[in-house]
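Student: I'd like to go through this model term by term and ask what justifies each label. Shall we start with the rings?

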Amino acid sequence: MFDKVLIANRGEIALRIHRACREMGIHTVAIHSTADNDAMHVRLADESVCIGPPRSAESYLNIPAIVSAAMITGADAIHPGYGFLSENARFAEIVEEHGLTFIGPSPDHIRMMGDKVEAKRKMIEVGVPVVPGTDGALDNIDEARAIAETIGYPVLIKASSGGGGKGMKVVESADQLEGMITAAKREARANFGDDAIYLEKYLAHPRHIELQILADTHGNVIHLGERDCSLQRSHQKVLEEAPSPALNAKERARIGQIGCDAVRKLGYRSAGTIEFLYENGEFYFIEMNTRLQVEHPVTEMISGIDIVREMIRVAAGTTLSMTQDKVALQGHAIECRVNAEDPATFTPSPGTIEEYHPPGGLGVRVDSALYAGYRVPPNYDSLIAKLIVHGNNRNECLMRLRRALEEFVIGGIKTTIPLHQKLVSEPDFINGDYDIRWLESFVANNAGKP
Ligand code: MV4
């Protein structure tokens, strides 16, 4: 097992990784920018290294500085967390070239899933259902026309190097197709330096359901069920829950089996998430995330499994600590993402935390790097806390969540707590009756209302 791990991240996820390391008897190294001199992740770690100025490009994305920090402190391994360098295949490669261990999948698997056309092709190969569309990248307009006619309008143009909703265009009818392909290619080249695009049938009202996978280097693969992440706005997840209110045990077992078989065939290791759109009882693969995800705690709460610990074990060459038959998903969990933003306009609201009182009690977890007196810097993502609540069933979870949201005090800046308070009293949400479009209209109807 590792003696020392460098945590190449900041904020709540840096704390989350530190906690797993500490419980395993592993020393930790924090890295930080000058904007994070007083950050909690720096205070908690055994050692810290300042790696650059506030701008991410010069600090949390600065590969030479981060690898140097690992070498100087004698770290054995690097955990990238989410965002920043977590899905940068070149970073994973450089880490390994320096004799360090990257706590995550192989560079080849990161690269494979980063190329959305390649990812889809591989998933078809290993038996995963995908959204109907082009097989491979689109190379001429006649092919595009023929495929769009076959699958039927509307169709969606996606950039192969996009993902997470970047570079998507809905085409309503045949007369728009050529112009939109030309525009999509131009934008993809400008934004990603790669003009490869592909076409898919446009699903109008799906749910976003993702499967949590864990795999070791000894051929063991397990799944920890799904998360429903349909409540998003501008491709930012707002609230996630597990299990999905839309799935039954049979569908869960089926998609879990499909996902595990696929990942085993791909030879994938570490934690991974397979994203699906789910509509009319059918699953359609869209993307695979080769990292620890923000919303992993909802899965931890219903499975009792420490996903970060499993990632560290796998990276050290150990086996997963349980087999599929030992995985028992119990009860229900919901995560509310608390952002330093105006809850009506979503404009960032950095500044000093004057008061901080997180909720507690049975089944309540808060993952956050906040403390009273801390100044939220304006330079990074606005996620400042995750409130995760567990109950024996969805109704108990909801009652507990309402109570916890009432207790939560973050003073001095605006946060999205009031938005969550409204959301958890909304009949459609209470009934689990929502899809990926639902939150946008909820926000539009509630903007500015007290
Ligand atoms: C889609 C889709 C409808 N049809 N693909 C957005 C993020 C990226 N991961 C894929 N996305 C979508 N792909 C087809 N064929 C709708 C979306 C989408 C979406 C997906 C999940 C959660 C929220 C979303 C919001 C808008 C669009």
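Tutor: Gladly! Rings of Phe, Tyr and Trp (for Trp, the six-membered ring) pair if their centres lie within 6.5 Å; planes under 30 degrees apart count as stacked, over 60 as edge-to-face and the rest as tilted. By that rule, Y60, F84 and Y380 form one aromatic cluster. This is a predicted model, where local features need pLDDT of at least 70 and side-chain atom pairs count only at pLDDT 80 or more, while totals for chains, interfaces and linings use all residues. Residues are numbered from 1 along each chain as its sequence is written, and side-chain values use heavy atoms, with hydrogens and water left out.

Student: How many aromatic pairs are there in the whole structure?

Tutor: The search finds 9 aromatic pairs.

Student: What makes R233 a charge over the ring of F346?

Tutor: The rule asks for NZ of Lys or CZ of Arg within 6 Å of the ring centre and within 35 degrees of the ring normal. The charged end of R233 is 3.8 Å from the centre of the F346 ring. R394 also lies over a ring face, that of F429, at 5.1 Å from the ring centre. Both distances fall within 6 Å, so they meet the distance part of the rule.

Student: Which residues are closest to the ligand?

Tutor: K158, E200, K201, L203 and E287 are the closest of the 19 residues that surround the ligand. A residue is near if one of its heavy atoms lies within 4 Å.

Student: Why is the approach of E200 to the ligand called a polar contact?

Tutor: A polar contact is a pair of N or O atoms within 3.5 Å; within protein, one must be able to donate a hydrogen and the other to accept it, and residues adjacent in sequence count only if both atoms are side-chain atoms. A polar side-chain atom of E200 is 2.9 Å from a ligand nitrogen, so the pair qualifies. A side-chain N or O atom of E287 lies 3.0 Å from a ligand nitrogen, and L203 brings a polar backbone atom to 3.0 Å from a ligand nitrogen. On its own the ligand has 520 Å² of accessible area (Shrake-Rupley method, 1.4 Å probe), and the protein covers 94% of it.

Student: How do you know where the ligand lies relative to domain 2 and domain 3?

Tutor: Domain 2 (132-201) and domain 3 (207-445) both give residues to the shell, so the ligand lies between them. The bounds come from an automatic or database domain assignment, which also gives domain 1 (4-86). The C-alpha centres of domain 1 and domain 2 are 39 Å apart.

Student: What makes the bond between Y153 and P154 cis?

Tutor: Its omega is about -5°. The A242 to P243 bond is cis as well, with omega about -5°.
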